[in-house]
Amino acid sequence: MISPLKNSLKWIPNLFTLGNLWLGFYATLLVLQSHNNPNLIKISSLLIILASLLDGLDGFVARMLNATSEIGAQLDSLADLTTFGIAPGALFYMLILHDLVWTIGNMTIPIGIILAGLYPAAVAFRLARFNVSHSEDSFDGLPSPIGGLIVALMPLILFEAHLTVPKLLFIGIYIFCAYLMVSTIRYSKIQVSLFRRFSKVRVILLIVFIVSILLVIYLKFGLEATATAIFILLLLYIISGIIAFIIHLIQVFRL
């Protein structure tokens, strides 16, 4: 029999998850109103980044309180679809793809809308596959929060640094990340590895240390440098999965 106390504790992680969903929804609304105010895209990016912190905290808090539940797992998937699928898709459309059309005679094909839809579709498929079957030690395909953060960081880097970067480069990254999410390339679960190697206290101290470094970078060099540092860390994580996949293929062919 489940005690009333434990039953109430189950809702604490769910509150973080609902916060994640709300921020993703709010980020989407801001993007849709960014026609006359481009700064709203940057605010939307920050909301997605904040939502990713809540996404990480819900699982962490659930494990700390021993309050995991099936409802929490399903709710987490719905929140991730909103925050890391729909919101980044809308953001990237307004940032890069909104004027991408293909005109054939009198017919105009909105290529930008079609490409933008790849992200929420990829995230939905990836989360559905995860709910049906997943490994305890690794992810099949790029985790959707990583993909969502990659897109969310783009406006911060561009707006703050005032860089002129070919649109095709960002479109390529966007499509490639969508592909990685539906692929079967394995990515390690960093949180699982940390909890296996270190105590909960040490994991918390490590998180505080990383956040402190990012805070120092922000205070000394500004938002662009911080966003760039996070972007590079995420790219290294993405590359690590690809390298591991290539090594695995080489070993298979050698056999």
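User: In this predicted model, which side chains meet in a salt bridge?

Analyst: A salt bridge is read from the gap between a side-chain nitrogen of Lys or Arg and a carboxyl oxygen of Asp or Glu, which must lie within 4 Å. Here the side chains of Asp140 and Arg186 form such a pair, with 3.3 Å from N to O, and the count by this rule comes to one salt bridge. The pair ties together distant parts of the chain, since Asp140 sits in strand 3 (residues 138-140) and Arg186 in strand 4 (residues 186-188), 46 residues apart.

User: Does Asp140 count as buried, partly exposed or exposed, and where does Arg186 fall?

Analyst: Partly exposed covers the range between under 20% and over 50% relative accessible area. Asp140, at 26%, therefore counts as partly exposed, and Arg186, at 47%, is placed in that class too.

User: How many residues does the largest nonpolar core have, and which helix gives the most to this core?

Analyst: In soluble globular proteins, nonpolar side chains tend to be buried together. In this model the largest nonpolar core has 52 residues, and Phe92, Leu142, Tyr187 and Ile238 are those with the most contacts inside it. Several helices supply at least two residues each, among them helix 2 (11-32), helix 3 (39-65) and helix 11, while helix 7 gives the most, with 10 residues. Leaving aside neighbours within four places in sequence, Leu142 is in contact with residues including Cys177, Tyr187 and Ile238.

User: Is Thr226 buried or exposed?

Analyst: Thr226, which lies in helix 11 (residues 223-254), counts as buried because its relative accessibility is 10%. Beyond its neighbours within four places in sequence, Thr226 is in contact with Leu214, Ile217 and Tyr218.

Notes:
Residues numbered from 1 in each chain as written. Predicted model: local features only at pLDDT ≥ 70, side-chain atom pairs only at ≥ 80, totals over all residues. Heavy atoms only, no water. Helix = DSSP H or I, 4+ residues; strand = E, 2+ residues; numbered from the N terminus. Buried < 20%, exposed > 50% of the residue type's maximum accessible area, 1.4 Å probe, protein only. Contact = heavy atoms within 4.5 Å. Core = buried A, V, L, I, M, F, W, Y, C linked by side-chain atoms within 4.5 Å.
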